[in-house]
Amino acid sequence: MATPDPTTNPTPGHHHTFNQACRLAPVQEPPPPKGLEGIPPIRAQFFYASHIPIDDPLSAATTIVGGGGGVGSGAAAGGADSKLSKLPLRPFSAGDNAALERAWLSLASDRDRRNHELARRNRSPSPALSRENAEKLAAIVGLLAAKHREKHEREGQAPPGGVGAGPGGAVGAGGTDAPEPGGVPVCCAELPIDASAELRREFCAVTRRRQQSLDHDRVLAEVMAQMARLKMEAEGTKPESVVALGTGTNPAVQAVGSVGSRSSTASTEGAVASSLPVGSAIPARPPMLDDGISGKPFVRVEPTSRSNRTSGTGTPDDRAAKTALREKARGDSRASTRGRPIAERLECSAEVPVGISRLHMVSLPVLQMKPIYWSPVNDIATVLRATWFYRDTMVPVEPGVANQLEAGYRELRPWTETWADELRSALDVGPLGEEKVAHRLWPEATDKRYKSKDGFPAEPPISADPFCAARCFRGEAAAEGTLEPVHLEQGTALPPPESRLYASYYVIYKDGSAAFLLKPSQKPSAYYGRRPVSKIMKGVTVGLPVVRGFDRAGWERVHDKRAASRAKDVITGTPAPSQAPAAGQDGCPGCQLEKDRGQVTDLVLVVHGIGQKLSERVESFHFTHAVSAFRRAVNIELESPTIKALLRPGQNGIMVLPVNWRHLLSFEEGGTSDEGDKDAYSPEGFTLKDIEPPTIPAVRSMISDVMFDVPFYMSRHKPKMIAALVGEANRVYRLWCRNNPGFAEKGRVHLIAHSLGSAMAIEVLSKQPTRVPRPLDLSSPSPDNRFFEFDTTNLFLLGSPAGFFLLLERGSLLPRRGRLKPGADAADTVAKDVVGEVGTFGCIAVDNIYNILAKEDPIAYLLNGTIDPVYAASLKPAYVPSTSTSFFKSVGAAVRGLTGAAPSSSLTTAGDGASRRPPAVARLPSQLELEVHDFSREEIAEKKAFLLNDNGQVDYFLRSGGGPLEIQYLNMLSAHTSYWTNQDLVRLLCLEIGRVPGREHALASMRAVKVKGRFVGH
């Protein structure tokens, strides 16, 4: 049982109890195998490779330099992972690490352990194990066959009728193509990927290599034969007439367990291009991807289902389909000999949410960290489970080396008194005795124990393959995830001597936790008289010192001095009896405090505008990157004492999440296609490619990716774009409520809409119900795509052309009838001349709307005039309060300080500002002004404005740099995309979202001011 880390206790009085209800409770490790009784726990630690720390969103990225040539120094090998090795390694927090370790240990399987050990020794499994394997394989074949048959029926394609079938029973429209060398005819390009994933999930790589029935091509052939049988059964044909592809046998009746040499086939487990024709053979290697218009190779993430973007939950349609398929597999296959249903055992993976904000999840056993709420954009991080560490830096030892250290550790048993006697005897004998206790790290090339008789490379005693490490061992294996699309089974074997790290090194185990890696020139030698063991026992460091188990305090001393200094102020040790929970009381005070601190009260969903089609080819343009930087800026601003003083009581943080709706649509052929479009399809129709000239393709491609979203929105495809936006926003909101219990009842939701997204938001909120009932029913089958399933408190429009769309539709901005917000007059919310009805374009269901625009932004339009043009003309232009101080303003503040005058501050509430202003001398209006002025219209306009915004106006300009060198036409080029980096906007959002709602609590600097200097409403 691992020892709890005392430095993880929160503030005094809220100690962690380390009981079963505590996230930091020691992980219960599985019992050791026979002969290793008393072996110390490993204290494994999980790391992730990323520039951005998930547990400290305010800190900047730092580079960690590894020690001793380990992972941190770039020891990883191969393809894309060589770049990942340069990323800094960061340990997960103690609570996340405990959750990951529990999930990792829960993946261990006795069946997989026995299969692995027998395959490594080149032995056949027992009859009982063979039957269990056969049932597992039959379930996989049945699941894949039913899944792809239903998929093709849903897509309108004819299910496959078997190899050799005529055109009527072909997979595609033109029949099944002949298999290419090294390939098997398949129904679609997704089948090999699905089959590879299922096989890798259920059988470790060593077992798949040694057992012929688990050959990838052979399983594909069985799936195709099963699909043909299902089709013939549906048509009433005798299925006995179907000949299985390639093997002629059914895996359900064939014993899976014959061990022998397998034919060498090309690996097809990687990502395969979806443009392959249906029924074609899978090529030996995936086709090369286009580098994009810039000529630079951008790393791409293949399109994934929504289930890959969630914390273990897919879309309701996906869940229903998977449930039906697994129920069918359960009916077609009998339960295993161990009494566990086959369909249930197909789920042998785990997903653990991590990070202080729970924005990411770690998938086990693949050891990858992915975002939960948005599609991965090159931000999938590899995860490393480490067991051995370099003593001086606590950087993890490379997994292959760590596993060799652990194998020698278990062989020599240095934690026992017997080993201590061995070391004392070696010291007494001298250099010759020390040679006997020096253990070779890697086996010699002539070692017969590491040679295989069947031609396969020898397997290490402890595998570093993530699937084998999790499923076939009891927690002793170190492993690292990878982003390589092709998972080579040969990678599990012992590496050749020339590619081994520390290939010729020796190990001296000092005790149960410390060891030393020695070069050949440092190992004990009677010939040269070298005695390193004697120096080691005296406390002298020789070679590379490594330790077994992670020391968090040691890591923080080297890599995170701020955390080490914070730990000094924390009361450590076991809590006193008075601080422990009372008898019968569940929960942990420390965990509850952390949960309360992390409970966000305000969720901000950010809707992008045009141009996100370009991000599919040029990754740096992706909207998610801008939102991630914006989220960090908001978190930093919320830590400012000035902002904290103005936040409402109970406000506990703001979470900013992107709503990426554009990637759900495809307009390549002139628009999205559905069943209705198929009925109206004409072969003589043309597409965009048919009318696009071949000249300047790069420019045309960029224009189509960036600008064509606007005409598409103004065409018949507008409802589909609106549905995509609403569906994605509701999906993100549902996920957030599911992962943050209680938010649906108490949390507030705000929208930020940029560019075209602002016009789409106005369209949705005009049809939105006046109030959305709480709480949200998460048990409903699917998110609604007609309106938002949440109530929008504040709407922020950035660079918005919404005013132009209101002009086109002859609409106006109106408050919603019956929507009573804090500080509003109930009579105004039902006044006929003030409010509008649901469904009226521009009558939005929000408490406050802010139209923020850069002065040089050519896309942005004003909205005050859509409320009342006369009222808008009477207002002074309003600016977002600036966080920067100009030179003359700072000099003026200094002069006022010398003279004893109080400095002015724009961050005061309306009441405070009014009390500090000197009384103005009011000028009485003339008789002519009284006769001409329409007071009733002004009153109605003011009521509308205050119902739409507590400040009495909607439009706010962002201040530009100014100065004699400012050129508006140059600023125009970047103005439309400059909002995400504007610090004034960040502060405005924090204040308006975090302050006490209501007109009386509005900031004085945000209030509407008439041209004559009078505050509106006073």
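Start by selecting strand 14: I654, V656 and P658 point to one side, M655, L657 and V659 to the other, and all of these residues are buried, so that both faces of the strand are covered. In this predicted model, 6 of the 6 residues of strand 14 are buried, so the strand is largely enclosed by the rest of the structure.

**Stop 1: the parallel sheet**

Keep strand 14 selected and add its partner, strand 13. The two run parallel and are joined by 6 bridges. To see one of these pairs, pick V607; its bridge partner in strand 14 is V659.

Now show the whole sheet. Which strands does it contain, and in what order? It is an open sheet of 6 strands in the order 14-13-15-16-19-20, with parallel pairing. Strand 14 (654-659) and strand 20 (955-958) are the edge strands, and each of them pairs on one side only. On average, neighbouring strands of this sheet are turned by 20° against each other, direction ignored.

A general point helps here. Strands of a sheet pair through backbone hydrogen bonds, in a parallel or an antiparallel way.

Select residues 748-754 and 792-798 next. These are strand 15 and strand 16, which run parallel and are joined by 5 bridges. Within this pair, I752 has F796 of strand 16 as its bridge partner.

**Stop 2: helices on that sheet**

Add residues 623-638, which form helix 18. Helix 18 packs on the sheet and touches strand 13 (602-607), strand 14 and strand 15. The direction of helix 18 makes about 170° with that of strand 14.

Then add residues 756-767, which form helix 26. Helix 26 lies across strand 13, strand 15, strand 16 and strand 19 (846-854). It runs at about 135° to strand 15.

**Stop 3: a cis bond and a cavity**

Follow the chain from helix 26 towards strand 16. P775 lies in the loop between these two elements. What kind of peptide bond joins R774 and P775? The bond is cis, with omega at about -10°. As a rule, most peptide bonds are trans, and most residues other than glycine have a negative phi.

Stay with R774 and P775, since both are among the residues that line the largest cavity. To display the lining, select Y733, A744, G747, V749, V772, P773, R774, P775, L776, E789, F790 and D791. The largest cavity holds about 70 Å³ of space. The structure has 5 cavities of 30 Å³ or more.

**Stop 4: the antiparallel sheet**

Move to another sheet. Here 5 strands form an open sheet in the order 7-12-11-10-8, and the pairing is antiparallel. Strand 7 and strand 8 (439-440) stand at the edges with a single partner strand each, so one side of each has no neighbour in the sheet.

Select residues 506-509 and 514-518. These are strand 10 and strand 11, which pair in the antiparallel sense over 4 bridges. In this pair, I508 stands opposite F516 of strand 11.

Helix 10 packs on the sheet, touching strand 7, strand 8, strand 10, strand 11 and strand 12 (544-548). The direction of helix 10 makes about 50° with that of strand 10.

**Stop 5: residues around helix 10**

Look at the loops that flank helix 10. M394 is found in the loop between strand 7 (388-390) and helix 10 (399-412). The phi of M394 is near 60°, a positive value in a residue other than glycine. Is M394 buried or exposed? M394 is buried, with a relative accessible area of 5%.

R413 is found in the loop between helix 10 and helix 11 (417-429). R413 also has a positive phi, near 55°. R413 is partly exposed, with a relative accessible area of 27%.

**Stop 6: another cis bond**

Select L364 and P365. A cis peptide bond joins them, with omega at about 10°. P365 lies in the loop between strand 4 (360-364) and strand 5 (368-371).

**Last stop: the whole chain**

Zoom out. The chain has 35 helices and 20 strands. Buried residues make up 50% of its 1018 residues. Of the contacts in the chain with a separation of 6 or more, 78% are between residues 24 or more positions apart. Finally, show the surface: the accessible surface of the chain comes to about 47200 Å², and 56% of it belongs to carbon and sulfur atoms.

Methods. Residues numbered from 1 in each chain as written. Predicted model: local features only at pLDDT ≥ 70, side-chain atom pairs only at ≥ 80, totals over all residues. Heavy atoms only, no water. Pairing = 2+ DSSP bridges. Axes fitted to C-alpha atoms, helices over the stretch in contact; angles between N-to-C directions. Contact = heavy atoms within 4.5 Å. Buried < 20%, exposed > 50% of the residue type's maximum accessible area, 1.4 Å probe, protein only. Areas by Shrake-Rupley, 256 points an atom, 1.4 Å probe, with all protein chains shown as cover. 1 Å grid on protein atoms, 1.4 Å probe; cavity = no way out; pocket = protein on both sides within 12 Å on 5 of 7 lines; lining within 4 Å. Points joined across faces, edges and corners; volume = space filled by probe spheres on them.
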